[in-house]
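Trainee: Could we go through this structure together, one step at a time?
Mentor: Gladly, and here it is for both of us to look at.

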Amino acid sequence: MLRDRVREDLRAAMKARDAVRTSALRTALAAIDNAEAVPAETRHARTEASEHVAGATAGLGSAEVARRRLDDAETAAIVAAQADERTQAAETYEGLGRDDEAARLRREAAVLRDYVSTWNA
């Protein structure tokens with residue numbers, strides 16, 4: 001899976017002390033994790049409620065809900081969106097005269113685009 005590959009490459013980038021690659025992969029994984037979160041309205045399928053605390057559930061594991069699992073196409077779309085966000089932010093930084101930040105964001109975007117292009121190939 002694409003997510004597993006990104007996670008493995010993040011470990012390698014951290015060991016290699018590659019700051020640009022680490023930053024890009026870390027934020028991409030965070031975006032994937034956020035997308036896998038279950039919406040709040042589906043979390044509260046309670047079987048037994050606590051009488052002492054409003055909204056609480058009783059019993060071991062009663063508040064836990066399984067996360068969604070994204071397929072590779074959904075994961076690739078999230079990574080592509082992250083690359084696009086970095087490109088747009090780089091343009092904003094260039095307009096503000098922050099060429100160093102813009103260059104860093106463009107390098108991060110290139111890292112993420114490599115994942116999308118190799119996965120879709």
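The questions below deal with the core, one buried residue and a pair of helices.

Trainee: Which helix supplies the largest share of the largest nonpolar core?
Mentor: Please keep in mind that this is a predicted model. The core in question has 19 residues, and those touching the most other members are Val6, Leu25, Ile32, Val79, Leu112 and Tyr115. At least two core residues come from each of α1 (2-15), α2 (19-36), α4 (72-95) and α5 (99-120), while the largest share, 6 residues, is that of α2.

Trainee: Is Thr87 buried or exposed?
Mentor: Thr87 lies in helix α4, and, apart from residues up to four places away in sequence, Thr87 touches Arg106, Ala109 and Arg113. Because a residue under 20% relative accessible area counts as buried, and Thr87 has a value of 18%, the word for Thr87 is buried.

Trainee: How are α4 and α5 oriented to each other?
Mentor: Their axes come within 8 Å and cross at roughly 160°, and the crossing is left-handed. The residues of this contact divide into 3 polar, 10 charged and 14 nonpolar. Since angles over 145 degrees count as roughly antiparallel, the two helices, α4 and α5, are therefore roughly antiparallel.

Trainee: Which residues does Ile32 contact, leaving aside neighbours within four places in sequence?
Mentor: Ile32 is one of the core residues that touch the most other members. With those sequence neighbours left aside, the contacts of Ile32 are Arg3, Leu70, Thr75, Ile78 and Val79.

Note on methods:
Residues are numbered from 1 along each chain as its sequence is written. This is a predicted model: local features need pLDDT of at least 70, side-chain atom pairs count only at pLDDT 80 or more; totals for chains, interfaces and linings use all residues. Side-chain values use heavy atoms; hydrogens and water are left out. A nonpolar core is a set of buried Ala, Val, Leu, Ile, Met, Phe, Trp, Tyr and Cys residues joined through side-chain atoms within 4.5 Å. Buried means under 20% relative accessible area, exposed over 50%, partly exposed in between (1.4 Å probe, protein chains only). Helices (H or I, at least four residues) and strands (E, at least two) are DSSP runs, numbered from the N terminus. Contact means heavy atoms within 4.5 Å. Axes are lines fitted to C-alpha atoms, for helices over the stretch in contact, and angles run from 0 to 180 degrees between N-to-C directions. Angles under 35 degrees count as roughly parallel, over 145 as roughly antiparallel, 65 to 115 as roughly perpendicular and the rest as oblique. A crossing is left-handed if the near helix is turned anticlockwise from the far one by less than a right angle, and right-handed if clockwise. Ala, Val, Leu, Ile, Met, Phe, Trp, Tyr, Cys and Pro count as nonpolar, Asp, Glu, Lys and Arg as charged, and the others, Gly among them, as polar.
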